[in-house]
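Me: Could you take a close look at one spot with me? I'm still new to reading structures, so plain words would help.

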Amino acid sequence: MQYGSDLSLSLENLSKKIIDQYEFNCGNEYINSCYSKSMDNIETADFVFIDTNKNDIVAYFSLTCSAIMVEMEKSAINLVPAVEISIFALAVDYQGMPMTDKRTSSKLSKFLFEMIINRVYDFTEEYCGAGRVVLYSVPKAYNFYKKFGFSDFSSIMRGDASTALKDCIPMYYIL
Amino acid sequence: MCNEKEKGVPNMTLLAKPCRSGVIVREDKADEFLNLKNMKNGRKSLHMVKKFGHIVTDKTKEK
């Protein structure tokens, strides 16, 4: 069995060269198509973790600037700066991989997600400030983010906004 | 959607459907939400980065 701690990874900006060179399959056609079309989207910064020994893409993620709208008195809206993690997906071969052989070992997915949050800290501290991370979790990933420390917007958000988010769950994290 | 929430950590960790419609926090919860900045998580909470960060070479900074 392979463990995450044995991998040698490189974090790279997703480029046309990488897309041409590597296939990416996370088991979700929509995300796979986002990967192959990512060069068409100028509103996101896209990255990949590459397994340098096997020459495989391990994970693909995408970041974008965002803001959380907060209703204030007299119909004013306060915008709270945030960074959105718009995509985070692991390739099928790496899903569920533990970091070490210990029975209680954390998963590779958690480590990579921490690396992403660490990158968000770099960005918000050095280049452009923001105090929150937002994401729209697919239902199956809800507990993963909850355990990480994300909070669910559902109890504090205006109800009618949820119709636009039908099958995903808006969550936020305080940096 | 609620039933799916109870199923636990999935093997397939992903976020689908990037969404630009945004979330509006209700006025009656505004203070509660805005005051959360006093409960920052902080970079120090990223224990695995410290422990395993050496397996990643960041090539995005080699420009």
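Does B:Asp28 count as buried or exposed, and at what relative accessibility?

Reply: Before we zoom in, this is a predicted model, where local features need pLDDT of at least 70 and side-chain atom pairs pLDDT 80 or more, while totals for chains, interfaces and linings use all residues. Residues are numbered from 1 along each chain as its sequence is written, chains are lettered from A and ligands numbered from 1 in the order in which they are written, and side-chain values use heavy atoms, leaving out hydrogens and water.

B:Asp28 counts as exposed, because its relative accessibility is 58% (exposed is over 50%, buried under 20%, partly exposed in between, with a 1.4 Å probe and protein chains only). You'll find B:Asp28 in the loop that runs between strand 1 (24–25) and helix 2 (30–34) of chain B; helices here are DSSP runs of H or I with at least four residues, strands runs of E with at least two, numbered from the N terminus. Its side chain also has a partner: a polar contact of 3.0 Å links B:Asp28 with the side chain of B:Arg26. (A polar contact is an N or O pair within 3.5 Å; within protein, one atom must be able to donate a hydrogen and the other to accept it, and residues adjacent in sequence count only if both atoms are side-chain atoms.)

Now step back to the whole of chain B. Chain B has three helices and two strands, in the order α-β-α-α-β from the N terminus on. It has 63 residues, and 38% of them count as buried. About 4,300 Å² of chain B is exposed, with carbon and sulfur atoms supplying 50% of that; areas come from the Shrake-Rupley method with a 1.4 Å probe, and for residues only the protein chains shown count as cover.

Further along the chain there's B:Lys50, in helix 3 (residues 47–52) of chain B. B:Lys50 is exposed, with a relative accessible area of 66%. Its C-alpha atom is separated by 39 Å from that of B:Glu27, and the two residues are 23 apart along the chain.

For another Asp, hop over to chain A. A:Asp51 sits in strand 2 of chain A. A:Asp51 is buried yet has no salt bridge, and the nearest side chain of opposite charge, A:Lys54, is 5.3 Å away. (A salt bridge puts a side-chain nitrogen of Lys or Arg within 4 Å of a carboxyl oxygen of Asp or Glu; Lys and Arg count as positive, Asp and Glu as negative, while His and the chain ends are not counted.) A:Asp51 does have a polar contact of 2.8 Å, side chain to side chain, with A:Tyr94.
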